[in-house]
Amino acid sequence: MPANDEVYIVLTATGTWLSEAIRWVTKAPLSHASLSFDRELKEVYSFGRKKLSNPILAGFVQENFNDPFFEDAPCAVYRLRVGERERAKMQLLVHEMKRQPDRYRYDLLGLIGVLVRRRFPRENAYFCSHFVASVLERGECRPVDKPAHFVTPADFEHALEAQQIYRGTVSGYLSRFSATYPASVFGASLATATA
């Protein structure tokens, strides 16, 4: 398989009560995982709150990293090189979910399963890192050596350390890597960014 395409894993910490609870339990600084098929993070997918103002309503989401909610959020971005065929399989799964988002729900019970190391099978239910790991598996890519339903954001952080292309804030990433958003948009400093 020639690795001539790329996908991006984005880890963030948004400061919500669930994000903070996950950080407290896992002791990991970044508690949310998302997947993007473009470096500019124009299309970012995950499982989380469907409306930023409502933490209860959650499921499959397309995240908008230009929203002020994410502006100062700490993040790390990892690039995975994959084959064209494998990337197409991943995109197909995400687009199936995108066409019928109401079929999918957030798997809070699955998060508990990670803590107690027990799987609670639920159809069409994911939490953020479970979703990302499942999509990668569809494309025959398994950067973390454990079942998708046990993968945490911290697992991606440890497994993909060598593929990290950025660490800083979301606004810093967008100002650095996106031609659409100049550095002055958020007024962010790139001093803490790494490439």
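**Close-up views of a predicted model**

**View 1. Arg85 and Glu86 pair up through their side chains.** A salt bridge joins Arg85 and Glu86, with N and O 2.7 Å apart. Keep in mind throughout that this is a predicted model. Is Glu86 buried or exposed? Glu86 counts as buried because its relative accessible area is just 5%, and the cut-off for buried is under 20%.

**View 2. Arg167 reaches Glu157.** Here the closest N and O atoms of the salt bridge between Arg167 and Glu157 are 2.6 Å apart. This one links distant parts of the chain: Arg167 belongs to strand β8 (residues 164-169) and Glu157 to helix α5 (residues 153-159), with their positions 10 residues apart in the numbering. As for how covered the two are, Arg167 is partly exposed, at a relative accessible area of 28%, while Glu157 is buried, at 14%.

**View 3. Four residues share one salt-bridge network.** Which residues are joined into one network by salt bridges that share partners? They are Arg85, Glu86, Lys89 and Glu140. So Arg85 and Glu86, the pair from View 1, turn up again here, because salt bridges with shared partners bring them together with Lys89 and Glu140. For the wider picture, searching the whole structure turns up 11 salt bridges.

**View 4. Glu43 meets Lys98.** In this view, a salt bridge brings together the side chains of Glu43 and Lys98, at 3.5 Å from N to O. Why does the pair tie together parts that are 55 residues apart in sequence? Because Glu43 sits in the loop between β2 (32-36) and β3 (44-51), whereas Lys98 is part of helix α2 (residues 84-99). Both partners are partly exposed: Glu43 has a relative accessibility of 32%, and Lys98 has a relative accessible area of 35%.

**View 5. A nonpolar patch lies on the surface.** Take a look at Leu109, Ile112, Leu115 and Val116, which make a nonpolar surface patch of about 350 Å². Where does Val116 lie? Val116 is in helix α3, which covers residues 108-116.

**View 6. Asn124 sits in a loop and is buried.** You'll find Asn124 in the loop between α3 and β7 (125-126). With a relative accessible area of 19%, Asn124 counts as buried, since the cut-off is under 20%. What does Asn124 touch, leaving out residues up to four places away in sequence? Its contacts are Arg103, Tyr104 and Arg105.

How values were computed
Residues are numbered from 1 along each chain as its sequence is written. This is a predicted model: local features need pLDDT of at least 70, side-chain atom pairs count only at pLDDT 80 or more; totals for chains, interfaces and linings use all residues. Side-chain values use heavy atoms; hydrogens and water are left out. Patches are made of residues with over 30% relative accessible area and no salt bridge: like charges are joined within 9 Å, nonpolar side chains (Val, Leu, Ile, Met, Phe, Trp, Tyr) within 5 Å. Accessible areas come from the Shrake-Rupley method with a 1.4 Å probe; for residues, only the protein chains shown count as cover. Helices (H or I, at least four residues) and strands (E, at least two) are DSSP runs, numbered from the N terminus. Buried means under 20% relative accessible area, exposed over 50%, partly exposed in between (1.4 Å probe, protein chains only). Contact means heavy atoms within 4.5 Å.
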